[in-house]
Every structure is written in C-alpha cells, then in structure tokens.
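Open the model in your viewer and keep the selection panel at hand, since this tour moves from one residue outwards to its surroundings and then to the chain as a whole.

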Amino acid sequence: MRATGATEATSIPSAPMRNGAELGVGFTGGVIGGLLGGGSGVFYVPALEKLTRLPRPSLHGTAGAANIAVTGVGAATFALAGGSINLHAGSGLLVGATAGAFLGARLILRISHQLLRWLFVAILVATGVKLLIDAAQPSAVHAATTVPMSVIANPWYAIPTSLILGFIIGAWAAGMGLGGGLLAVPVLMVLFGTDLPTAEGTSLLMFFPNAVVGTVVHARQGTADKRLAAVLNLGALPGAVLGALLALTLDVHVLSIVFAVFALAVALRELFGMRRTRSRDERPTTAPETRGDADIVSPDTRTHDE
C-alpha cells in the first residue's frame, strides 16, 4: 500500500507546484496581453491544454475568464503611464463588445471541438501574417487608416460602425477566449485612424466588460474552471502592468515580429496536433477473433474433461 501511495505522489503534482505553474502561465499571458492590447488567449489556450485536461470549450472559456485582469489592469496602466485611449471609437466598441459577449459565450457550446481548433488556427495565422506585414512597413506604428478623417469624425459613421464591429469582435472574443485585441487593434487603426499604442490601450479598455460578462456566462454554463481562472488572473496582474509599460517604451516593429513568430509557431503546433489526432482516429484496430460455438468451452465442460 505504501509503494502505491508513493507512486501516486510522484505522478500527481502537489498543489504548490500546480499553482506555481498556473501563476506563471497567468503572468506570461498578462505580459502578452498588456504588450499587444489583448491576444493573451493565443498563449493561454495551448498552455492550458498542456497544463490541464479541460475539454476544448472549457479551455476557451477559462482563457477568456483570465482576460479580466489583463484588460482591466492593462487599460489602467496605459492611462496612468501616459498612454492615450480613443473614446470616439472605443465607446461604441465597448458597448458592442459587451453585448456580443452574451452571444459568443453561448455559441461555444454549439460549435464542434474540431471547428474551434480550425478557427483558432485561422486567427493565429491571420494575426501572424498581419503583424509581419505591419513590421515591414514603417507606417504601421502610426495611423494606417483607409477612411478619410472627415468621415471618421462623423458620428453617423463612427457610432454604427463601432457598435456593429464591437458586437462581432466581442462575440468572437467571448466565445474563443482570445481577448479580442488581435481583431480590435487592426480595426481601430484601419477604420478609425488610431496609432498602434492608442489602439492597444483602447482595445484593453473595450474588452474589460466583455471579459467580465463572458466569464459570468461561461461559469453559469460550466465552460470555465473558476478556480483556475482566479489563479491565472492573479498571475496576470503584474504581467499586464509590465506588458503595458513595455508597449509604451519598446520598439513596436520588434515586438510585432516576435509575436508574429510566436503566433505562427502555435498555429503549426495546433495543425500537427490535429493531424496526430486524425491519424490516431483513422488507425485500424485489430478486431477480436470470432470463435465458433465449437471452440467455446464452458467451465463445466472443461472441469468434466479434466
């Protein structure tokens, strides 16, 4: 009995070890989210997949719940450290994203696990390619809008556009648990003429209520691990502060390249993982040999023969 207990103790991580690893994941996700205005779920989802045995919907739900500290603390750090926030577009995006959180968190239960993985890969690839393109263009760190400033200043353009896009991105963020910044930051730059640092701060602000609402819905429907989410948020607190401060001081082109490589590497890992799963599922299994009635010997017969 003692030997068995010793074996189990070595195979199951102790609570301090497990909590330490979870705090480390939260801290790293906080740095990524604060650094790039969101997108911490790109790290959280594969990290939690390695660290836990949560089903796919719960991976995304828990990752989304961990974005509360990232978005709230990150946005506050941007504001206090001298960064700016675009309330002209951000207000509509905030309202739309909060409403979209209700839809996205519920949709997660109606989407197949395989489709979730493909959607995750798609956003990773799109993000990686977009960041690499931006890093190759000197103007990427500044406003890269395709819309005239006179149109952007018009409330008939800004209000409906920000509300609709906020709803769509908010539903996506709450459902996939990715924070939404990977979509919101390009939208703020291209459609509202916002520079990159301001877009990141605005993105963090707009997704704070989205993360709160999404977490409540996920918790009620059982697609979020509340204990794990609390530990991740605790670790993300200092990470988000550090990430936001780095975003305001470091070279954006270098950061874009680093994160793009990271996102594409995670996408490749997901693709290889899906390929291994498919190969394992398609592997033929050896059917048990069927024996005729004459080959089956009952215990009574065997005893009698002996």
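Begin by selecting Thr71 and displaying its neighbours: leaving aside residues up to four places away in sequence, Thr71 touches Leu204, Phe207, Phe208 and Ala211. Keep in mind throughout that what you are looking at is a predicted model. Thr71 itself belongs to helix α5, and because its relative accessibility is 3%, under the 20% cut-off, Thr71 counts as buried. Which backbone oxygen lies 2.7 Å from a polar atom of the side chain of Thr71? Draw a distance line to the backbone oxygen of Asn67, and you will have found that atom.

Keep Asn67 selected, as it leads to the next stop. A search of the whole structure finds 2 cavities of 30 Å³ or more, and Asn67 is among the lining residues that lie nearest the centre of the largest one, together with Gly64, Ala173, Asn210 and Ala211. Ala211, which you have already met as a neighbour of Thr71, therefore deserves a second look here. The space in this largest cavity comes to about 80 Å³, and its lining is made up of 14 residues. Colour the helices α4 (56–65), α5 (67–80), α9 (155–176) and α11 (196–221), which are the elements that each give two or more residues to this lining; the largest share, 6 residues, comes from α11. If you then colour the lining by residue type, you should find 5 nonpolar residues, 9 polar ones and no charged ones.

Now turn to the nonpolar cores. The largest of them has 37 residues, and those with the most contacts inside it are Tyr44, Phe120, Leu124, Leu232 and Phe259. Two or more residues of this core come from each of α2 (15–36), α3 (41–51), α4, α5, α7 (113–135), α12 (226–249) and α13 (252–282). Select Phe259 and show what surrounds it: beyond residues up to four places away in sequence, Phe259 touches Ile32, Leu36, Gly39, Val42, Thr127, Leu131 and Leu182. A second, separate core has 20 residues, including Ala158, Leu188, Ala199 and Val252.

Finally, clear the selection and show the whole chain as a cartoon, where you can trace 14 helices and 0 strands. Of the 306 residues in the chain, 46% count as buried. Among contacts with a separation of 6 or more, 85% are between residues 24 or more positions apart.

Technical notes. Residues are numbered from 1 along each chain as its sequence is written. This is a predicted model: local features need pLDDT of at least 70, side-chain atom pairs count only at pLDDT 80 or more; totals for chains, interfaces and linings use all residues. Side-chain values use heavy atoms; hydrogens and water are left out. On a 1 Å grid over the protein atoms alone, a cavity is a set of points where a 1.4 Å probe fits but cannot get out, and a pocket is an open set with protein on both sides within 12 Å along at least five of seven lines; lining residues have an atom within 4 Å of a point. Grid points are joined across faces, edges and corners, and a volume is the space filled by probe spheres set on the points. Helices (H or I, at least four residues) and strands (E, at least two) are DSSP runs, numbered from the N terminus. Ala, Val, Leu, Ile, Met, Phe, Trp, Tyr, Cys and Pro count as nonpolar, Asp, Glu, Lys and Arg as charged, and the others, Gly among them, as polar. A nonpolar core is a set of buried Ala, Val, Leu, Ile, Met, Phe, Trp, Tyr and Cys residues joined through side-chain atoms within 4.5 Å. Buried means under 20% relative accessible area, exposed over 50%, partly exposed in between (1.4 Å probe, protein chains only). Contact means heavy atoms within 4.5 Å. A polar contact is a pair of N or O atoms within 3.5 Å; within protein, one must be able to donate a hydrogen and the other to accept it, and residues adjacent in sequence count only if both atoms are side-chain atoms.
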